Amino acid sequence: MGEDHADDRKHITHFNYHYTTGAFYKKDLALGIGFALFGMIVAAPLLRKPKKGGKT
């Protein structure tokens, strides 16, 4: 805790910080890349344009 004096006032300050490890610490990178590639492959048919004269 610290004290700050400004404008003839006394302010009590405190820095509240809790250290935690990163969200991706000890996570499997290959599994994440595989999941992303799987999602791209599954989404690919949704991005294709329909053939001319086909159903809409």
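This is a short presentation of one protein chain, with its elements, its helix and its surface.

Let me begin with the basis. The structure is a predicted model, in which local features need pLDDT of at least 70 and side-chain atom pairs count only at pLDDT 80 or more, while totals for chains, interfaces and linings use all residues. Residues are numbered from 1 along each chain as its sequence is written, and side-chain values use heavy atoms, with hydrogens and water left out.

The protein chain has 1 helix and 2 strands, in the order β-β-α from the N terminus. Helices (H or I, at least four residues) and strands (E, at least two) are DSSP runs, numbered from the N terminus.

As to confidence, pLDDT is the predictor's own value for each residue, from 0 to 100. Its mean over the protein chain is 78, with 77% of the residues at 70 or more. Strand S1 (residues 2-6) has the lowest confidence, a mean of 57, and H1 the highest, at 93.

I turn to the helix. H1 covers residues 29-47, 19 residues in total, and spans 27 Å from first to last C-alpha, close to the expected 27 Å; the expected span is 1.5 Å times one less than the number of residues. At its N-terminal end, Asp28 acts as a cap, with a side-chain oxygen 3.4 Å from the backbone nitrogen of Ala30.

How many residues of H1 are buried? The number is 0 of 19, so H1 lies largely in the open. Here buried means under 20% relative accessible area, exposed over 50%, and partly exposed in between (1.4 Å probe, protein chains only). Across the 56 residues of the protein chain, 0% count as buried.

On the surface, the protein chain exposes about 6400 Å², 62% of it from carbon and sulfur atoms; areas come from the Shrake-Rupley method with a 1.4 Å probe. Leu29, in helix H1, counts as exposed because its relative accessibility is 63%.

Finally, Lys26 lies in the loop between strand S2 (9-13) and H1. Its phi is near 60°, a positive value in a residue other than glycine. Lys26 counts as exposed, at 72% relative accessibility.

Terms used: Polar contact = N/O pair within 3.5 Å; in protein donor to acceptor, adjacent residues only side chain to side chain.
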